[in-house]
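Colleague: I am new to this structure and would like a close look at a single part, the sheet. Please describe how its strands are arranged and what packs around them.

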Amino acid sequence: MKPQPVRHLILVLGDQLDRQSQALAGFDPVVDAVWMAEVQEEATYVWSHKLRLAYFFSAMRHFREELRAQGKTVHYHALDPDPTRDLGKFFGAILARDLQRLQPQKLILVRPGDYRVLRVLQETATASGVPLELRPDGHFFCSVREFQDYAAGRGTLRLEHFYRRQRWIHQILLDQQQKPLGGRWNFDRENRRTFGRQGPPAMPAPKSFPPDAITQKVIDLVQRRFSHHPGSLANFTLPVTAAQADAFLMDFIEKRLPHFGTYEDAMWTDQPFLYHSRLSAPLNLKLLNPRRGVAAALTAYEELQAPLNSVEGFIRQILGWREYIRGIYWLQMPEYQELNYFDHQAELPSCFWDGNTAMRCFRQSMQFVLDHGYAHHIHRLMVLGLFALLYGVQPRKFHEWHLAMYVDAVDWVSLPNTLGMSQFADGGLVGSKPYCASGNYIHRMSNFCASCDFKPDRSVGADACPFTTFYWEFLDRHYDRLKTNVRLAYQLRALAAKRAQPGVMAAIRGQADAWRRSLP
Ligand code: FAD
Ligand code: DLZ
């Protein structure tokens with residue numbers, strides 16, 4: 001039977017599962033329809049972790065059910081366990097077929113989270129002769145346009161400035177004189193505590209949502225069709241609906257937020273989550289609105305359930321970093337993805353896929369990633385990202401690896417964090433200095449080094465820590481690019497002292513070469 005012609009076909013992508021989406025504004029169930037597709041191309045253009053695939057597909061199917069329960073027509077392409085039964089491999093091809101079939105008068109789309117996908121959908125609409133209306137994404141506090149206006153004419157962009165502006169605009173944590181509550185804009189000094197020898201106290205059990213029938217079907221699909229992809233499916237615990245995401249948020253607010261700030265940077269063996277929220281995945285799929293997260297944290301502060309250092313620290317991440325990163329992405333794309341300030345060209349060592357290395361910190365961080373598609377910020381920045389930077393991995397390859405391996409990764413957020421913040425490939429757009437450190441930093445913030453074969457204070461010899469060897473070699477190799485950065489002055493003075501000792505840098509370079517040859 002020929003389907004009814006459609007007035008508006010609303011495209012909903014895997015990271016747009018937003019009940020309040022602008023795309024659905026003015027939806028008329030009699031003449032409009034929603035279009036969603038599980039796409040082979042999206043599952044494979046980076047070698048995605050199985051959990052990432054299952055999470056996106058499950059949340060998409062749950063959203064489809066919710067829309068259908070509201071009486072909306074949803075044209076949904078589900079991947080089949082048998083790939084030969086797919087109607088197409090690519091977004092563009094599948095959509096083009098449906099445009100032919102459904103003959104909509106107009107396509108409506110909220111700005112996707114990936115520049116590549118935006119271009120594909122625009123090209124498909126143009127080739128099919130169907131007008132495409134691109135609507136802004138109301139999920140974010142700061143629109144793309146607003147960030148562009150903010151950035152225009154500003155020599156340098158800095159998170160701190162943007163964040164204060166966000167606090168003023170949205171009237172968050174300000175006193176009556178418009179000054180920051182507590183007299184300071186940030187409490188970083190209080191927020192770098194470690195657990196000491198005794199380790200963390202008993203952690204609250206992570207809130208989890210065991211697979212329902214929809215999720216189980218998706219897990220079976222991924223198991224059959226993508227069995228060669230990295231990672232495990234054993235720990236499917238994340239929320240897949242807006243209601244679950246809200247319960248997940250409230251569990252964090254009650255049990256973890258009070259200590260979130262203080263131990264934000266700490267790491268510990270077999271403790272992937274500590275006091276972190278794990279809200280990034282539900283936020284990035286838009287199951288949760290960031291305003292709700294900020295409001296819940298503010299209420300906890302007002303009701304004396306959580307201290308200011310934690311509440312401010314959490315709000316800074318959501319209202320500050322998350323929005324700033326998105327602003328940079330849309331300001332800089334598509335040129336941004338090609339940047340490579342240090343001209344790093346190395347391939348990723350294989351331990352980035354299997355965690356197989358004697359470095360305890362690396363192995364442990366990778367175990368979290370393989371088990372959960374997750375590791376908290378310091379594992380990403382100061383272990384895995386740091387290693388890629390010091391080793392000299394090509395920044396785009398590091399980004400593509402990250403995009404594949406983390407459940408919360410979407411291009412807009414992964415790219416500026418990996419290529420910019422972590423690899424400094426943008427030469428200082430996201431952050432003002434490269435996050436480079438030796439093994440001593442990891443030793444200070446975790447218990448990993450205590451049981452590692454390598455010694456964080458040694459840069460040469462069989463028990464030298466590869467992080468420490470590569471750290472000095474990195475500073476030495478890029479001295480000319482780094483010497484004008486005042487924020488690195490202390491580290492470069494220490495390098496100068498090493499350079500002044502005969503033979504020291506030659507030995508470090510020799511050790512770095514040996515580590516490079518030994519890493520597959
Ligand atoms: P929490 O520590 O509980 O923080 C609360 C929330 O703040 C997070 O859920 C997240 O939404 C937000 N947030 C904090 N820092 C950032 C940031 N730098 N950028 C954007 N949002 C932030 N975050 C992603 O959501 N997706 C990514 O693909 C991603 N890639 C990263 C790559 C690297 C190399 C680094 C260093 C960081 C990356 N981040 C990314 C930021 C951050 O590490 C994660 O948001 C965080 O670890 C997610 O865990 P959580 O939800 O427990 O966060
Ligand atoms: C990450 C992902 C995956 C694995 N699968 C799909 C999919 O099948 N269909 C879809 O619409 N989106 C998927 N995504 C997210 C996309 O890769 C991309 O990030 C978003 O479409 C950008 O808005």
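Modeller: Two strands are said to pair if DSSP finds at least two bridges between them. With that in hand, one can read the pairing in this model, which is predicted. Trp35 stands opposite His75 in strand E3. Those two residues belong to a wider arrangement: five strands form an open sheet in the order E3-E2-E1-E4-E5, with parallel pairing. Strand E3 (74–77) and strand E5 (132–135) are the edge strands; each has a single partner strand, so one side of each is left without a neighbour in the sheet. From one strand to the next, the twist averages 25°.

Strands of a sheet pair through backbone hydrogen bonds, either parallel or antiparallel. Here, strand E1 (residues 8–11) and strand E2 (residues 33–37) pair in the parallel sense over three bridges. Leu11 has Trp35 in E2 as its bridge partner. On the way to the edge, E2 and E3 are also paired in the parallel sense, over four bridges. Trp35 therefore has a partner in each of these pairings: Leu11 and, in E3, His75.

The edge strand E3 deserves a closer look. In a regular strand the side chains alternate between the two faces of the sheet. In E3, Val74 and Tyr76 point one way while His75 and His77 point the other way, and all are buried. Being buried here means under 20% relative accessible area.

Helices lie against the sheet. Helix H2 (residues 50–69) packs on it and touches E2 and E3; the direction of H2 makes about 160° with that of E3. Helix H4 (residues 115–128) lies across E1, strand E4 (106–110) and E5, and runs at about 155° to E5.

H2 also leads away from the sheet. The buried residues of helix H16 (residues 395–405) pack against H2, and also against helix H13 (351–354), helix H14 (360–372), helix H15 (377–391) and helix H17 (411–422). Eight of the eleven residues of H16 are buried, so H16 is largely enclosed by the rest of the structure. Among the buried residues of H16 are Phe398, Trp401, His402 and Met405.

Other helix pairs can be set beside this. Helix H5 (residues 144–151) and helix H6 (residues 159–170) pack at an angle of about 125°, their axes 12 Å apart. H5 and H6 are therefore oblique to each other, and H5 passes H6 in a right-handed crossing. In this contact, Glu146, Phe147 and Tyr150 of H5 meet His161, Phe162, Arg165 and Ile169 of H6. By class, the contact has four nonpolar, one polar and two charged residues.

For helix H11 (residues 290–302) and helix H12 (residues 308–332), the axes come within 9 Å and cross at roughly 165°. That makes H11 roughly antiparallel to H12, and H11 passes H12 in a left-handed crossing. Residues making the contact include Val294, Ala297 and Leu298 of H11, and Val311, Phe314 and Ile315 of H12. The residues of this contact divide into ten nonpolar, one polar and one charged.

Notes: Residues are numbered from 1 along each chain as its sequence is written. Chains are lettered from A and ligands numbered from 1 in the order in which they are written. This is a predicted model: local features need pLDDT of at least 70, side-chain atom pairs count only at pLDDT 80 or more; totals for chains, interfaces and linings use all residues. Side-chain values use heavy atoms; hydrogens and water are left out. Axes are lines fitted to C-alpha atoms, for helices over the stretch in contact, and angles run from 0 to 180 degrees between N-to-C directions. Angles under 35 degrees count as roughly parallel, over 145 as roughly antiparallel, 65 to 115 as roughly perpendicular and the rest as oblique. A crossing is left-handed if the near helix is turned anticlockwise from the far one by less than a right angle, and right-handed if clockwise. Contact means heavy atoms within 4.5 Å. Ala, Val, Leu, Ile, Met, Phe, Trp, Tyr, Cys and Pro count as nonpolar, Asp, Glu, Lys and Arg as charged, and the others, Gly among them, as polar. Buried means under 20% relative accessible area, exposed over 50%, partly exposed in between (1.4 Å probe, protein chains only).
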